[in-house]
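The following exercises are to be worked with the sequence and the structure at hand. Each task is followed by a solution in steps.

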Amino acid sequence: MNTPFLPTGEFTLGCNYWASHAGTAMWRDWRPEVVAKDFGALASHGLKVLRVFPLWPDFQPLLELKSFGGDHFEYRYLASEEPLSPDNPAALDLVMVERFATFCGLAQRHGLKLIVGLVTGWMSGRLFVPPALVRRNVITDPVALAWQARYVSGLVTRLRGEGAIQAWDLGNECNCMGHAVSADEAYNWTATIAHAIRAADPSRPIVSGMHSISPQAKAIWRIRDQADLTDVLTTHPYPYWVQHGRVAPLDAYRTTLLPTVETRLYGDVGGKPCIAEEIGSMGPMVSSDEIASTWARANLLSLWAHDARAFFWWCSFDQTRLAHAPYDWVGVEAELGLIRNDGSPKPVLGEMRAFAAWLGTLPFASLPRRRTHAVCVLSHGQDAWAVAIGAFALGKQAGMEITFASIDQTIPESSLYLLPAISGLNSVHRHEWEMLRARVHAGATLYLSVNDAVLPDFAAFTGLHVQRRHNRVSPERFNWADGVGGEGTITSGEVVEFKCAPGVEVLVADSRGNPVLVRHRYGAGEVFTLTFPLETQAALAPDGLEPGLAENVAARRVYQLLRATLGASNAAAFTCDDAAVGVTEHTLADGTVVVVALNCSPRSVATPWRLRDGLAVKSTWRGETPKIDGLLSIPAQEACVIIVGS
């Protein structure tokens with residue numbers, strides 16, 4: 001690729017765009033003067049990039065004609081029923097293509113760049129497919145695949161000279177267009193579209209456009225496959241829609257973190273940049289405009305600090321006046337815009353504009369990647385998304401930044417590995433288990449928490465000998481052995497009775513004296529074993545990750561202990577006592593450190609804070625300057641951004 005696109009450390013603000021007067025009908029009801037006005041309004045608020053959608057059946061109006069017995073005879077253009085032209089083998093509507101070229105020119109005039117969602121066959125709850133293909137499974141049917149490849153190749157070829165186009169997107173959530181029954185079918189669809197794009201225009205990056213894909217090897221739509229075939233991965237992390245997203249209100253601590261967790265999960269497992277390509281509150285029946293805007297502010301800060309590179313709101317304009325499907329079907333689609341029907345901006349657009357302006361004041365061109373401390377390894381057969389939420393949030397509350405890896409891929413080298421909530425008979429395959437054991441034996445630390453897993457040589461590795469086990473039918477209380485860690489509750493996982501091998505240190509026990517958390521030396525390293533799935537238990541409980549609850553202190557201390565094993569060489573530059581404040585550290589070329597202390601909770605905090613010995617605050621770029629021997633105050637869903645150095 002010759003064009004730089006969303007580089008590390010930079011952050012782009014944009015939105016998903018449908019014309020304010022027509023929504024999905026904009027190409028048939030083409031009004032360039034309305035589009036120009038829309039573009040002016042969006043650009044004036046600091047937006048730089050729009051994700052846009054050539055509606056598939058409008059741009060490829062393909063009609064199938066049949067003869068005797070319903071047998072296929074030929075394809076023609078829908079409106080005129082004229083035969084297809086040999087000069088237009090993709091069956092494109094050239095009037096629509098010309099309209100899109102005009103659209104690109106208008107974007108260029110307003111300083112806007114475009115990400116083009118090519119196969120827009122799914123939008124806002126409705127399937128949009130050319131009439132000739134409407135009864136086919138467009139993900140797997142060979143006829144449908146061939147016509148999609150022709151369509152993509154033809155459209156990209158005709159539009160690749162447009163300077164406003166920054167990247168090609170496979171399409172909008174195309175895994176919703178039809179059913180794939182295997183990962184191979186999903187891979188084949190993605191490969192067909194990606195290869196057609198790349199053959200027509202190798203100069204621009206390909207953006208995935210997918211949502212709800214999985215790190216699991218046995219999933220159908222997988223992160224690794226999208227990463228193999230595209231250049232930029234995407235999340236659509238609406239808490240209203242993502243799994244476990246509605247456990248708590250929009251502005252709760254856990255809900256605020258969800259977009260960052262999902263985006264980092266995709267990016268880490270896929271090994272490719274990942275952006276929040278669609279994000280939003282889902283309107284006034286979910287939260288007020290004011291709460292949506294503060295939640296958006298926290299996510300702008302968090303995604304920026306975690307190298308998410310872009311934030312695209314869904315969507316540009318409210319659509320309450322539109323009477324055609326899907327807007328008259330799906331009530332939740334009507335009031336999602338940044339701008340109301342009367343042209344007034346919503347508070348979230350003000351937050352985006354202010355954030356864009358603030359980025360322009362920073363003394364560095366790009367934010368280096370955050371410092372990380374541990375690799376969280378996701379295993380087979382578990383609820384990987386719940387595990388990721390729990391581990392990421394607990395780590396952040398303990399001052400420990402984690403990256404994700406999948407157990408069946410090459411796992412990055414680290415001094416600390418987390419293997420949370422292992423579940424079932426096939427949770428970790430033998431060769432994967434042996435790889436982790438070898439790394440621990442060579443000096444690494446491994447933490448594992450157990451749901452109902454069965455693992456070979458478990459006792460030799462962990463020092464825990466199973467005596468008996470059975471399903472849990474009632475909660476169990478636990479306490480830290482030193483008496484200062486607080487009391488917690490176990491509600492998930494099996495009840496397993498253990499006998500400890502000589503030398504095993506019991507750190508936590510339940511009310512019956514059964515070990516809950518133990519430490520065991522293994523070669524030059526050590527293993528911490530927690531006998532219940534803390535991460536999923538915390539992630540699935542409405543208040544399980546709330547930092548201010550006393551009930552969660554004992555559980556959080558597990559991750560604080562793991563953070564402490566990293567030693568003085570991994571000491572943080574900046575720490576504070578309130579677990580609601582997550583801190584990321586980014587080292588600049590001159591050795592100074594950008595500290596982003598983000599309060600993800602809906603309450604203001606005033607917290608004690610500390611700098612590592614020998615460091616001082618050099619400058620403040622957001623929030624108040626921390627004062628020695630004073631409390632650091634951070635408003636709800638806001639951040640303090642400072643630069644520290646010696």
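**Exercise 1. Internal cavities**

Task: Identify the residues that line the second largest cavity, and classify them.

Solution. The second largest cavity has a lining made up of Arg472, Glu476, Ile490, Glu494, Val495, Val496, Asp510, Arg512, Asn514, Val516 and Thr531. The model is a predicted one, in which local features need pLDDT of at least 70 and side-chain atom pairs count only at pLDDT 80 or more, while totals for chains, interfaces and linings use all residues. Residues are numbered from 1 along each chain as its sequence is written, and side-chain values use heavy atoms, with hydrogens and water left out.

A cavity is a set of points, on a 1 Å grid over the protein atoms alone, where a 1.4 Å probe fits but cannot get out; lining residues have an atom within 4 Å of a point. By class, this lining has five charged residues (Asp, Glu, Lys, Arg), four nonpolar ones (Ala, Val, Leu, Ile, Met, Phe, Trp, Tyr, Cys, Pro) and two polar ones (the others, Gly among them). The second largest cavity holds about 70 Å³ of space, a volume being the space filled by probe spheres set on the points, which are joined across faces, edges and corners.

Next, the search is widened: the whole structure contains four cavities of 30 Å³ or more. The largest cavity encloses about 100 Å³. Its lining numbers 15 residues, and Ser281, Asp289, Trp313, Gly337 and Lys346 lie nearest the centre. Helix 8 and helix 9 (347-359) each contribute at least two residues to that lining; helices (H or I, at least four residues) and strands (E, at least two) are DSSP runs numbered from the N terminus.

**Exercise 2. The nine-stranded sheet**

Task: What is the strand order of the open sheet, and which strands stand at its edges?

Solution. The nine strands follow the order 14-13-15-16-23-22-21-18-19, with mixed pairing; two strands pair if DSSP finds at least two bridges between them. Strand 14 (402-406) and strand 19 (487-490) each have a single partner strand, so one side of each lacks a neighbour in the sheet. From one strand to the next, the twist averages 25 degrees; axes are lines fitted to C-alpha atoms, for helices over the stretch in contact, and angles run from 0 to 180 degrees between N-to-C directions.

Within the sheet, strand 15 (residues 416-422) pairs with strand 16 (residues 445-450) in the parallel sense over five bridges. Tyr417 stands opposite Leu446 of strand 16. Finally, helix 7 (residues 253-270) lies across strand 13 (374-378) and strand 14, at about 55 degrees to strand 14.

**Exercise 3. A hairpin and the largest pocket**

Task: Is strand 25 largely enclosed or left open, and how is strand 25 joined to strand 26?

Solution. Six of the seven residues of strand 25 (residues 581-587) are buried (under 20% relative accessible area, with exposed over 50% and partly exposed in between; 1.4 Å probe, protein chains only), so strand 25 is largely enclosed by the rest of the structure. Strand 25 and strand 26 (residues 593-599) run antiparallel and are joined by seven bridges. His586 has Val594 as its bridge partner in strand 26. The hairpin has five residues between the strands, and Gly591 takes a positive phi near 90 degrees.

Notes:
On a 1 Å grid over the protein atoms alone, a cavity is a set of points where a 1.4 Å probe fits but cannot get out, and a pocket is an open set with protein on both sides within 12 Å along at least five of seven lines; lining residues have an atom within 4 Å of a point. Contact means heavy atoms within 4.5 Å.
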